Amino acid sequence: MNSSSSEYETERIEALYEYKILDSEAEPVFDNLVYLAANICETPVAVINLIHTEKHWFKSCIGWEGVKKEIPFCNFTISNPNLLIVTDSLEDERFEQNSFTIDGKLARFYAGVPLINAAGYSVGTLCVLDYTPRFLSLKQIEVLKALGKQVMMILELRRNSINAQQKSEEIQQQGFSQTAEFIEINQRLESEVNQRQEMEKALQISHKYLSGIVDIADDAIISIDKEQNILLFNQGAEKIFGYTAAEVIGKPLDILLPTKYHQSHRKYVVDFEKSNDRARRMGKRQEIFVRKKNGEEFPVEASISKLKLDKNIIFTAILRNISEEKKSKEALLELSQKHELILNSIGEGLFGLDKSGKITFVNPAAISLLKYKKQELIGQNIDMLLANNPCLENPDADIECVVRKLKTQEVSNDIFRRKDGSVFPVEYIQNPILDKGKVVGAVIAFKDISDRQIIERMKDEFISVVSHELRTPLASIHGSLGILDRGLIDAKSTKGKRLVHIAADSTARLVELVNNILDIERITYGKMKMHKQICEVSEIIVYAANKMQTMAQRYGVSLSISTVSAQIWADGDRIVQTLTNLLSNAIKFSTSGGNVYLSASICEDLETCIGEYKNLSEYSSRKYTGAYVSFQVKDEGCGIPNDKIGNIFDKFHQVDTSDTRKKEGSGLGLTICQYIVQQHLGKIWVESKLDRGSTFYLILPLHLYEE
């Protein structure tokens with residue numbers, strides 16, 4: 001009979017009233033069944049719910065502290081003869097709009113069996129609920145159904161007992177004046193005795209039925225008395241502990257516990273007996289260690305309840321072996337920690353995104369690049385970081401746009417925005433996260449390519465300059481030698497000698513360019529070696545000046561020197577290379593008739609002259625004399641713009657590419673000079689005023705000698 005039909009609703013309510021159980025006091029027998037249902041099904045909430053037209057009456061409940069209210073799932077359950085399972089209410093079209101909460105938490109999982117009487121009417125449900133989506137095993141489903149039948153059997157026995165008691169009281173109130181009435185009463189009493197015998201038989205069957213339910217449970221179910229002697233030991237306990245029930249029934253519970261826990265466990269049970277709690281809630285399970293028959297100790301997840309029967313009290317514990325689960329969790333935790341270490345050690349920024357584009361994890365490199373705190377990024381949409389985001393053009397289609405982009409797997413360039421509003425170019429690749437073929441998110445790896453773009457731009461400029469520097473002298477050499485080779489001009493004539501000079505000068509320029517390129521390569525790969533020895537400063541000054549005199553005369557520039565007598569520990573050829581590079585630039589960027597000065601002086605102020613350089617490792621085995629030599633190369637040329645001074649020593653940097661071409665320079669000289677000076681524990685810098693000239697300063701320590 002289908003109790004959901006409106007024509008049977010009156011009969012269903014009448015059947016419910018027959019049990020006289022609405023608004024009744026708590027009864028341990030029902031509490032025990034609810035407790036078993038929650039433990040076996042591993043849910044925080046279990047309820048025996050009797051359903052009236054006006055309200056739902058909770059005959060017994062575990063895991064529900066607040067105000068009881070109608071359970072919408074149960075209205076469906078009583079309409080069907082079979083168990084109802086809702087694995088996730090938000091994914092079930094019947095309940096997707098459901099906002100049913102228990103103590104403020106959304107109920108996502110439900111499993112309930114209808115309590116159907118012999119006439120086929122459903123008077124209520126036995127149900128279990130959870131806050132997270134989940135499934136029940138086949139064994140858990142069978143146990144839940146069996147417990148539902150057990151609830152109904154107890155209700156029937158309870159009703160029969162109440163009816164028998166009422167009849168007995170009615171009989172006692174009647175008189176016994178007539179024999180016929182006495183005989184009738186006697187027959188009624190006989191009938192009542194028979195009914196009571198039937199009830200006792202039914203109770204025995206019920207006890208066996210309940211024992212069968214307990215035995216089929218995989219978990220260990222153990223009952224003890226007040227003295228903590230074992231009364232019940234189910235098949236699950238036999239499997240877990242290795243004992244048979246016959247070996248432990250009547251024995252102290254200590255047989256199942258490591259010796260070191262005997263005293264503390266006994267105290268725990270005594271304290272629990274004195275408490276007002278009937279059971280420890282599922283959400284407060286405690287991990288303890290127990291002992292097998294072979295002496296092996298292992299962890300279990302335990303819950304305990306108590307039941308008072310007259311003057312006696314029985315404790316029931318449900319234990320689950322969590323050894324493998326614990327190992328799996330530890331392995332998972334270790335793997336998670338390894339993954340986290342790997343993610344944290346990656347130099348590139350990493351994001352994890354869900355399918356709506358919200359950030360689920362972020363590594364330290366990403367935090368550093370974006371200048372956010374981790375908690376400021378988690379849960380935020382990736383849109384907040386994209387300076388150029390096409391998805392923002394259509395706000396209503398954000399999610400679809402993001403998901404569509406997440407399906408791609410390619411290297412892309414974009415502009416990211418930092419917390420302070422500044423932007424920087426990035427190169428990123430996104431890999432979709434798939435679950436059963438569906439995109440559920442993505443991992444994005446990105447890196448800042450600002451330096452790369454600067455270097456690429458410098459390289460482009462460098463290649464342009466080098467190409468010009470190669471073509472110009474090669475054209476001069478080719479043209480001069482071609483004229484001489486064809487005999488158009490006599491090599492010994494004035495014009496012929498001029499052509500030879502042009503070819504020689506252009507060859508020198510090519511040699512200088514090639515040497516600079518080779519030096520840059522050596523610097524890049526750390527292969528430029530310094531061959532240091534004691535060098536005389538005055539000799540270096542004179543040699544460098546003499547080397548540059550011809551160039552100065554060609555440009556119409558006057559070259560003056562001023563020197564001192566001092567010694568330095570240096571590679572003399574490299575210091576000359578540095579000075580001639582500086583002199584070459586000074587001459588090229590001076591106007592005809594201008595002056596260039598090369599001078600040297602002794603610097604006694606250590607803090608000003610060398611500062612942080614005095615503690616470098618090269619001085620560790622040498623005694624420092626406390627003085628430095630300062631070289632200056634000064635010109636009266638066009639000067640350097642303020643915004644260029646900071647980068648003038650950078651590799652591939654050009655102050656003005658077009659002007660550099662006019663002045664015949666590769667733009668590599670200052671980078672090489674800086675490296676040479678650093679290898680000598682010195683310092684180089686420039687001071688300049690636009691249209692008023694520049695002065696390059698070079699400071700090197702004086703000779704260091706062995707102690």
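Let's start with the cysteines: the sulfur of Cys74 has its closest cysteine sulfur in Cys127, 3.9 Å away, which is too far for a bond. A disulfide is a covalent bond between the sulfur atoms of two cysteines, and the cut-off used here puts those sulfur atoms within 2.5 Å. The Cys74 pair misses that, and the structure holds 0 disulfides. Keep in mind that this is a predicted model. As for surroundings, Cys74 is buried, with a relative accessible area of 0%. Cys535 is buried too, at 9% relative accessibility.

Now pull up the sheet that contains β1. It is an open sheet of 5 strands, and reading across it you get β2-β1-β7-β6-β3, with antiparallel pairing. At the edges stand β2 (56–62) and β3 (84–86); each has a single partner strand, so one side of each is left without a neighbour in the sheet. On average, neighbouring strands here are turned by 20° against each other, direction ignored. Strands of a sheet pair through backbone hydrogen bonds, either parallel or antiparallel. For a concrete look at one pairing, take β1 (residues 45–51) and β7 (residues 122–130): they run antiparallel and are joined by 6 bridges. Within β1 and β7, Ile48 stands opposite Leu126.

What lies across this sheet? Helix α2 (residues 28–41) lies across β1, β2 and β7, and runs at about 65° to β2. The helix has 14 residues and spans 20 Å from its first C-alpha to its last, close to the 20 Å expected at 1.5 Å a residue. It is also mostly covered, with 11 of its 14 residues buried. Among the buried residues in α2 are Phe30, Leu33, Val34, Leu36 and Ile40, but also Asp31 and Asn39. Just after the helix comes Glu42, with a positive phi near 60°.

Leu144 makes a good probe of the same neighbourhood. The residue sits in helix α4 (residues 138–173) and is buried, with a relative accessible area of 0%. Setting aside neighbours within four places in sequence, Leu144 is in contact with Ala37, Cys41, Leu83, Ala111, Val113, Leu126, Val128 and Leu136. Two of these names should look familiar: Ala37 is one of the buried residues in α2, and Leu126 is the residue opposite Ile48. Ala111 is 33 residues from Leu144 in sequence, yet the two C-alpha atoms are 8.7 Å apart in space.

On to charges. The count comes to 21 salt bridges. One of them joins the side chains of Asp23 and Lys55, at 2.9 Å from N to O. Asp23 is in the loop between α1 (9–18) and α2, while Lys55 is in the loop between β1 and β2, so the pair ties together parts that are 32 residues apart in sequence. Lys55 itself is partly exposed, at 37% relative accessibility.

Compare that with a local pair. Asp271 and Lys267 form a salt bridge whose closest N and O atoms are 3.0 Å apart. Both belong to helix α8 (residues 262–274) and sit 4 residues apart, about one turn of the helix. An α-helix has 3.6 residues a turn, so residues three or four places apart point the same way. Asp271 is partly exposed at 38% relative accessible area, whereas Lys267 is exposed at 54%.

A third pair is Glu348 with Lys447, where the closest N and O atoms are 3.8 Å apart. This one links distant parts of the chain: Glu348 lies in the loop between α9 (323–345) and β13 (349–354), and Lys447 lies in strand β17 (residues 438–448), 99 residues apart. Both partners are partly exposed, with relative accessible areas of 30% for Glu348 and 29% for Lys447. There is also a network of salt bridges, in which Glu18, Glu156 and Arg159 are linked.

Finally, jump further along the chain to another open sheet of 5 strands. Here the order is β19-β21-β23-β25-β24, and the pairing is mixed. Its edge strands, β19 (558–562) and β24 (683–689), each pair on one side only. Neighbouring strands in this sheet are turned by 15° against each other on average, direction ignored. Inside it, β21 (residues 595–603) and β23 (residues 628–635) run antiparallel, joined by 8 bridges. To find one of those contacts on screen, look at Leu598, whose bridge partner in β23 is Val633.

How values were computed: Residues are numbered from 1 along each chain as its sequence is written. This is a predicted model: local features need pLDDT of at least 70, side-chain atom pairs count only at pLDDT 80 or more; totals for chains, interfaces and linings use all residues. Side-chain values use heavy atoms; hydrogens and water are left out. Buried means under 20% relative accessible area, exposed over 50%, partly exposed in between (1.4 Å probe, protein chains only). Two strands pair if DSSP finds at least two bridges between them. Helices (H or I, at least four residues) and strands (E, at least two) are DSSP runs, numbered from the N terminus. Axes are lines fitted to C-alpha atoms, for helices over the stretch in contact, and angles run from 0 to 180 degrees between N-to-C directions. Contact means heavy atoms within 4.5 Å. The expected span of a helix is 1.5 Å times one less than its number of residues. A salt bridge is a side-chain nitrogen of Lys or Arg within 4 Å of a carboxyl oxygen of Asp or Glu.
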